[in-house]
Amino acid sequence: MSDTASEAGESTSSGAGKELSKDQLKVLRDAFNAFDKEKTGSIPTDVVGTILELLGHKLSEEELDEVIEEYDEDESGQLEFEEFVALASNYVEPEEDYEALRKELREVFMMYDKDAKGYLPVEEFKAILRELDGAVPEEELDDIVDEIDADGSGTVDFEEFMEVMTADYYA
């Protein structure tokens, strides 16, 4: 008697897709908040691909366009959190949780920490943020770095990297 309600399309948390655990919703909320820079309750559809990549899913441009068209019902170019959850729930693995995201982000961090020093120079970290969202003003990048590099080391360690990527520093 296994419970397969999530396969039936029923979900109390997203209205579509798979039913999500509290941890999965936290991962999605954190990812959403990281890209909802103006705190408007919506994110531009052009960052959805980046978020899905952070969650371990790389979609082709065509696939991404189809998915966004399906979930951006008002064609506003923005996804509200509920629309984002409905979309992303199709890509979150059942066992996906905060620890899985942490592991994935560690792999990303290690890709940039080529010398395995355990930290990234702030300029390299800012380059990563620019790559994720080229529209972030330099002043905002400086503010983010100032906030997470509280010790003034000029470097970003994994925990600081994790804070930004999961938006825990906004809490």
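Let us begin with helix α5, which covers residues 98-112. This helix has 15 residues and reaches 21 Å from its first C-alpha to its last, close to the 21 Å expected at 1.5 Å a residue. Please keep in mind that the model before you is predicted.

Which residues of α5 are buried? They are Tyr-98, Leu-101, Leu-105 and Phe-109. These residues lie on the same side of α5, because they cover an arc of only 80° around the axis. A general point helps here. An α-helix has 3.6 residues a turn, so residues three or four places apart point the same way. On the other side of α5, the exposed residues are Glu-99, Lys-103 and Met-111. What do the buried residues of α5 pack against? Their partners are the helices α1, α2 and α8, together with β3 (119-121) and β4 (155-157).

I turn now to helix α3, which spans residues 61-71. Its buried residues are Leu-64, Val-67, Ile-68 and Tyr-71. Why are they on the same side of α3? The reason is that they cover an arc of only 95° around the axis. Four glutamates, Glu-62, Glu-66, Glu-69 and Glu-70, are exposed on the other side of α3. The buried residues of this helix pack against α2 (48-54), β2 (78-80) and α4 (81-88).

The next topic is the aromatic rings. How many aromatic pairs does the structure hold? There are six aromatic pairs, and I shall describe two of them.

In one pair, Phe-32 and Phe-81 meet edge-to-face, at 5.2 Å centre to centre and with 75° between the planes. This pair links distant parts of the chain, for Phe-32 belongs to helix α1 (residues 22-35) and Phe-81 to helix α4, 49 residues apart. Are these two residues buried or exposed? Both Phe-32 and Phe-81 are buried. Phe-81 has a charged partner as well: the charged end of Arg-29 sits over the ring of Phe-81, 3.5 Å from its centre.

The other pair is formed by Phe-125 and Phe-161, again edge-to-face, at 6.0 Å centre to centre and with 70° between the planes. This pair, too, links distant parts of the chain: Phe-125 is in helix α6 (residues 122-132) and Phe-161 in helix α8 (residues 158-166), 36 residues apart. Phe-125 and Phe-161 are buried. Which residues make up the aromatic cluster? Phe-125 and Phe-161 form one aromatic cluster with Phe-109 and Phe-158. We have already met Phe-109, one of the buried residues of α5.

A further charge lies over a ring elsewhere in the model: Lys-37 is placed over the face of Phe-35, at 5.3 Å from the ring centre.

I shall close with a single residue, Ser-42, which lies in strand β1 (residues 42-44). Why does Ser-42 count as buried? Its relative accessible area is 13%, and buried means under 20%. The side chain of Ser-42 makes a polar contact of 3.2 Å with the side chain of Thr-40. Another polar contact, of 3.0 Å, joins the side chains of Ser-42 and Gln-78. Leaving aside residues up to four places away in sequence, Ser-42 touches Phe-32, Asp-36, Gln-78, Leu-79 and Glu-80. Among these is Phe-32, the residue that forms an aromatic pair with Phe-81.

Notes: Residues numbered from 1 in each chain as written. Heavy atoms only, no water. Buried < 20%, exposed > 50% of the residue type's maximum accessible area, 1.4 Å probe, protein only. Helix = DSSP H or I, 4+ residues; strand = E, 2+ residues; numbered from the N terminus. Arc of directions from axis to C-beta. Contact = heavy atoms within 4.5 Å. Phe/Tyr/Trp six-rings, centres within 6.5 Å; stacked < 30°, edge-to-face > 60°. Lys NZ or Arg CZ within 6 Å of the ring centre and 35° of its normal. Expected span 1.5 Å × (residues − 1). Polar contact = N/O pair within 3.5 Å; in protein donor to acceptor, adjacent residues only side chain to side chain.
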